[in-house]
Amino acid sequence: MTPAENNPIVAARDLGRRVTTAAGPLQILSDIVLEINAAESVAITGVSGSGKSTLLGLLAGLDLPSSGEVWLAGQRLNDLDDDGRAVGAAVVNQDVDAVA
């Protein structure tokens, strides 16, 4: 069953994010599976550098995963271009000083 059929508002399947650094490849996220239903509250917690912001950016469609897929309101974000992904979610910056 796809997330679109199960109807969560946000879903991730086997989500991964890898970047290339001067020291070589860095795996930030690996094999994330997540479903968030409408009216459900979820907290993403972890130590600094654990991938929280990367995960939220992927779930909001701000970036594309290196592996896996993200669904938002029944739409597979992997299938959308930058403009299509920009329509679905809003993100509040975690750094209050950046807004001033």
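Two residues are in contact here when heavy atoms of theirs lie within 4.5 Å. The exercises below concern a predicted model.

**Exercise 1. Describe the fold in outline.**

State how many helices and strands the protein chain has, and in what order they come.

Solution.
- Step 1. Count the elements: the protein chain contains three helices and four strands.
- Step 2. Read them from the N terminus; the order is α-β-β-α-β-β-α.
- Step 3. Turn to burial. Of the 100 residues in the protein chain, 26% are buried.
- Step 4. Add the surface. The accessible surface of the protein chain is about 6600 Å², and carbon and sulfur atoms account for 52% of that.
- Step 5. Look at sequence separation. Taking contacts between residues at least 6 apart in sequence, 48% are between residues at least 24 apart.

**Exercise 2. Place Arg 85 in its surroundings.**

Find the element that holds Arg 85, decide whether Arg 85 is buried or exposed, and list what Arg 85 touches outside its sequence neighbourhood.

Solution.
- Step 1. Locate the residue: Arg 85 belongs to helix 3.
- Step 2. Check accessibility. The relative accessibility of Arg 85 is 6%, and the cut-off for buried is under 20%, so Arg 85 counts as buried.
- Step 3. Set aside neighbours within four places in sequence; the contacts of Arg 85 are then Ala 60, Gly 61, Leu 64, Leu 77 and Leu 80.
- Step 4. Look for a charged partner. Arg 85 and Asp 82 form a salt bridge, with 2.6 Å between the closest N and O atoms.
- Step 5. Compare positions. Asp 82 and Arg 85 are three residues apart in helix 3 (residues 82-85), so about one helical turn separates them.
- Step 6. Check the partner: Asp 82 has 55% relative accessibility and counts as exposed.

**Exercise 3. Analyse the salt bridges.**

How many salt bridges does a search of the whole structure find? Work out which parts of the chain the pair Arg 17 and Asp 63 ties together.

Solution.
- Step 1. The search of the whole structure gives five salt bridges.
- Step 2. One of them joins the side chains of Arg 17 and Asp 63, at 2.9 Å from N to O.
- Step 3. Arg 17 sits in strand 1 (residues 10-21), while Asp 63 sits in the loop between helix 2 (52-59) and strand 3 (67-72); the pair therefore ties together parts that are 46 residues apart in sequence.
- Step 4. Compare burial: Arg 17 is buried at a relative accessible area of 18%, whereas Asp 63 is partly exposed at 33% relative accessibility.
- Step 5. A further salt bridge links the side chains of Glu 69 and Arg 76, at 2.8 Å from N to O. Arg 76 is partly exposed, and its relative accessible area is 24%.

**Exercise 4. Trace the nonpolar core and find a nonpolar patch.**

Which residues make up the largest nonpolar core, and which residues make a nonpolar surface patch of about 230 Å²?

Solution.
- Step 1. The largest nonpolar core has twelve residues: Val 10, Ala 12, Leu 15, Leu 29, Leu 34, Ile 36, Leu 55, Leu 58, Leu 59, Val 70, Leu 72 and Leu 77.
- Step 2. Assign them to elements. Strand 1, strand 2 (24-36), helix 2 and strand 3 each give two or more residues to this core.
- Step 3. Take Val 70 as a sample. Residues up to four places away in sequence aside, Val 70 touches Ala 11, Leu 15, Leu 58, Leu 59, Gln 75, Arg 76, Leu 77 and Asn 78.
- Step 4. Move to the surface: Val 42, Ile 44 and Leu 56 make the nonpolar patch of about 230 Å².
- Step 5. Place one patch member. Val 42 is in the loop between strand 2 and helix 2, and at 43% relative accessibility Val 42 is partly exposed.

**Exercise 5. Examine two backbone angles.**

What is the sign of phi at Asp 31 and at Ala 39, and where does each residue lie?

Solution.
- Step 1. Asp 31 is not a glycine, yet its phi is positive, at about 55°.
- Step 2. Asp 31 lies in strand 2 and is exposed at 56% relative accessibility.
- Step 3. Ala 39, also not a glycine, has a positive phi of about 70°.
- Step 4. Ala 39 is in the loop between strand 2 and helix 2, and its relative accessibility of 87% counts as exposed.

Note on methods. Residues numbered from 1 in each chain as written. Predicted model: local features only at pLDDT ≥ 70, side-chain atom pairs only at ≥ 80, totals over all residues. Heavy atoms only, no water. Salt bridge = Lys/Arg side-chain N within 4 Å of Asp/Glu carboxyl O. Buried < 20%, exposed > 50% of the residue type's maximum accessible area, 1.4 Å probe, protein only. Areas by Shrake-Rupley, 256 points an atom, 1.4 Å probe, with all protein chains shown as cover. Core = buried A, V, L, I, M, F, W, Y, C linked by side-chain atoms within 4.5 Å. Patch = residues over 30% accessible without salt bridge, like charges linked within 9 Å, V, L, I, M, F, W, Y side chains within 5 Å.
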